[in-house]
Amino acid sequence: MNFDYAIIGAGASGTLLASSLLAHEHFSDCSLLIIDRPGEAYKDRTWCFWSDKTHPLDHLVSHRWTQIYAGDTPHSAYQSIAPYTYQMIKGVDFHDYFRPRLKASKQVHWCEDEVLNLSEEGQQVAIHTKGTSFYARRVFDSRFDYTLLAQSKDYPVLQQHFVGLFIKTKTPSFNPHQALFMDFSVPQKGNTRFMYVLPTASDQALVEYTLFSHEKLSYKAYLDEIEAYLEERGIREYEILQTEQGSIPMSCYPLWQTDSSRIIPIGLAAGWAKPSTGFTFDRTVVRVQRLVKALIKGQSLNTVQQKDRFWFYDLLLLDILDQKNHLGASIFSRLFQKRKPQLILKFLGEKTHFLQELSIMAANKPWPFLMALFKRLLKGF
Ligand SMILES: Cc1cc2nc3c(=O)[nH]c(=O)nc-3n(C[C@H](O)[C@H](O)[C@H](O)COP(=O)(O)OP(=O)(O)OC[C@H]3O[C@@H](n4cnc5c(N)ncnc54)[C@H](O)[C@@H]3O)c2cc1C
């Protein structure tokens, strides 16, 4: 079977891209193949991001927080992030909304199968799955594999890795307006480690033990840290409603640069995760918009993602964490101590201007950054 476009993987990036293509009249005559692995694994996560405006996914937001805290001092004050709110979309709500709509479209052929490999054959890309082969003029591929990154000699590769428990406590234990964005008061053990607590009711929260480091821990090690953390806060009786776990790549390796104009990586596979934090969802929304715009205008897809100054700031931070993994807690804590959270969120969202970025940089001790800059200048970009 032949198609105009094929999307491999109906996760966050594949789904948002498919939905954006179908929404635009430019693609109204196009056929679209969407292939995703069978099963329900796609429902396994929640996505959080911050926003200061209304957006097309507002109706899927299940919770909003108006205050956050990030730092290494226990019991410090939460700060308002107005006009931003920190928002959560549950994967299950996202997919329950988009999947039936995509499947119902006359332009879409939905296929549940595992893609094994792709090959370019003249003007077409052959997509070989376990069950069959398809052909498309252009393929957007969201299969992500760490091995490509592992080959990178020029850029450090860390992971944001975590296990999270959705818990229900016996007694009210949380303030559902306050998100504990990064609690670095946990033992760092030579890494950058923090607890992330998102209460959705006074007796319910997602409690996630997270590291920015090279290697994952055993599953039990994350659970032990969560248990100890809750115990220290007097939370001993709780039910685990659900769990989530993940590993998000943290690297400046330009995964989006490929030789092919027909096979285009998207999502994590294209390096859409913010290298210094692992936040990906909001960036996916923006990059999908840029990708669709470039396709409509027939422009080069290089406009979707570039090595810009934010990429460079991320690179310096990753160079530091690669060599001195324990410094993350002090760098992030100082930032949130010395600057308003709104400015930091704006910076992490890559919407600041240069003077604001200088003020962000001045919040931290300059020495590790100057050393990283010096080494990077010698190494190259
Ligand atoms: C548990 C978890 C929580 C996260 N929370 C946040 C968050 O709060 N905020 C944030 O910004 N980011 C978060 N992220 C990071 C990021 O937003 C997600 O990983 C996001 O889902 C990435 O989108 P994607 O399209 O690149 O990959 P995915 O959403 O993982 O989609 C890839 C799809 O490809 C399919 N696939 C893979 N291989 C094949 C194959 N061979 N054949 C067919 N199909 C295949 C998979 O089944 C999957 O559906 C989280 C990640 C995880 C794992």
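This is a short tour of a predicted model, with suggestions for what to select at each stop.

**Stop 1: the whole protein**

Begin with everything shown as a cartoon. You should find 10 helices and 17 strands. The radius of gyration is 21 Å, close to the 21 Å from the globule rule for 381 residues, so the protein is as compact as a globular protein of that length. Along the principal axes, the C-alpha atoms fill a box of roughly 60 × 55 × 40 Å. If you colour by burial, 36% of the 381 residues will come up as buried. Contacts are worth a look too: taking pairs at least 6 apart in sequence, 72% of them join residues at least 24 apart.

**Stop 2: the domains**

Now colour by domain. Domain 1 is assembled from 2–45, 90–151 and 252–303, while domain 2 covers 157–249 and domain 3 covers 309–379. Select the C-alpha atoms of domains 1 and 2 and place a centre on each: the two centres are 31 Å apart. How many residues of domain 1 are in contact with domain 2? There are 9 of them, and they meet 6 residues of domain 2.

**Stop 3: strand S11 and its partners**

Select residues 133–141, which form strand S11. Add strand S1 (residues 2–8), and you will see it run parallel to S11, joined by 6 bridges. One pair to pick out here is Asn2 with its bridge partner Tyr135.

Next, show strand S10 (residues 124–129), which pairs with S11 in the antiparallel sense over 4 bridges. S10 and S11 make a hairpin, with 3 residues between them. Within this pairing, Val125 stands opposite Ala136.

Finally, add strand S17 (residues 263–265), which runs parallel to S11 and is joined to it by 3 bridges. Asp141 of S11 stands opposite Pro265 in this pairing.

**Stop 4: Ala136 and the nonpolar core**

Stay on Ala136 and show the residues around it. Leaving out those up to four places away in sequence, Ala136 touches Phe3, Asp4, Tyr5, Ala6, Leu33, Gln124, Val125 and Ile127. Ala136 is also one of the residues with the most contacts inside the largest nonpolar core, which has 90 residues. Others in that group are Ala6, Ile7, Leu17, Leu33, Ile34 and Val207. Which helix gives this core its largest share? Select 309–323: this is helix H6, and it supplies 7 residues.

**Stop 5: the three-stranded sheet**

Move on to an open sheet of 3 strands, ordered S3-S7-S4 with antiparallel pairing. Strand S3 (46–51) and strand S4 (61–65) are at the edges; each has a single partner strand, so one side of each is left without a neighbour in the sheet. On average, neighbouring strands are turned by 25° against each other, direction ignored. Zoom in on S4 and strand S7 (residues 85–90), whose antiparallel pairing runs over 4 bridges. His63 has Met88 of S7 as its bridge partner. Then bring in helix H2 (residues 91–104), which packs on the sheet and touches S3, S4 and S7. The direction of H2 makes about 60° with that of S7.

**Stop 6: the seven-stranded sheet**

Another open sheet has 7 strands in the order S6-S5-S13-S14-S15-S12-S16, with mixed pairing. Its edge strands are S6 (79–80) and S16 (238–251), each pairing on one side only. Select strand S12 (residues 157–169) together with strand S15 (residues 204–213) to view an antiparallel pair joined by 10 bridges. Label Gly164, and you will find it opposite Glu208 in S15. Now show helix H7 (residues 328–338), which packs on this sheet and touches S5 (67–71), S13 (178–183), S14 (192–201) and S15. Compare directions here as well: that of H7 makes about 135° with that of S5.

**Stop 7: Lys293**

End with a single side chain. Lys293 is placed in helix H5 (residues 281–297). Is Lys293 exposed, partly exposed or buried? It counts as partly exposed because it has 14 C-beta neighbours inside 10 Å, and a buried residue would need 20 or more. To finish, draw a C-alpha to C-alpha distance from Lys293 to Leu21: they are 272 residues apart in sequence and 9.8 Å apart in space.

How values were computed. Residues numbered from 1 in each chain as written. Predicted model: local features only at pLDDT ≥ 70, side-chain atom pairs only at ≥ 80, totals over all residues. Core = buried A, V, L, I, M, F, W, Y, C linked by C-beta atoms within 7 Å. Buried ≥ 20, exposed ≤ 12 C-beta atoms within 10 Å, placed from the backbone. Helix = DSSP H or I, 4+ residues; strand = E, 2+ residues; numbered from the N terminus. Contact = placed C-beta atoms within 7 Å. Pairing = 2+ DSSP bridges. Axes fitted to C-alpha atoms, helices over the stretch in contact; angles between N-to-C directions. Rg over C-alpha atoms; globule rule 2.2 N^0.38 Å. Domains from an automatic or database assignment.
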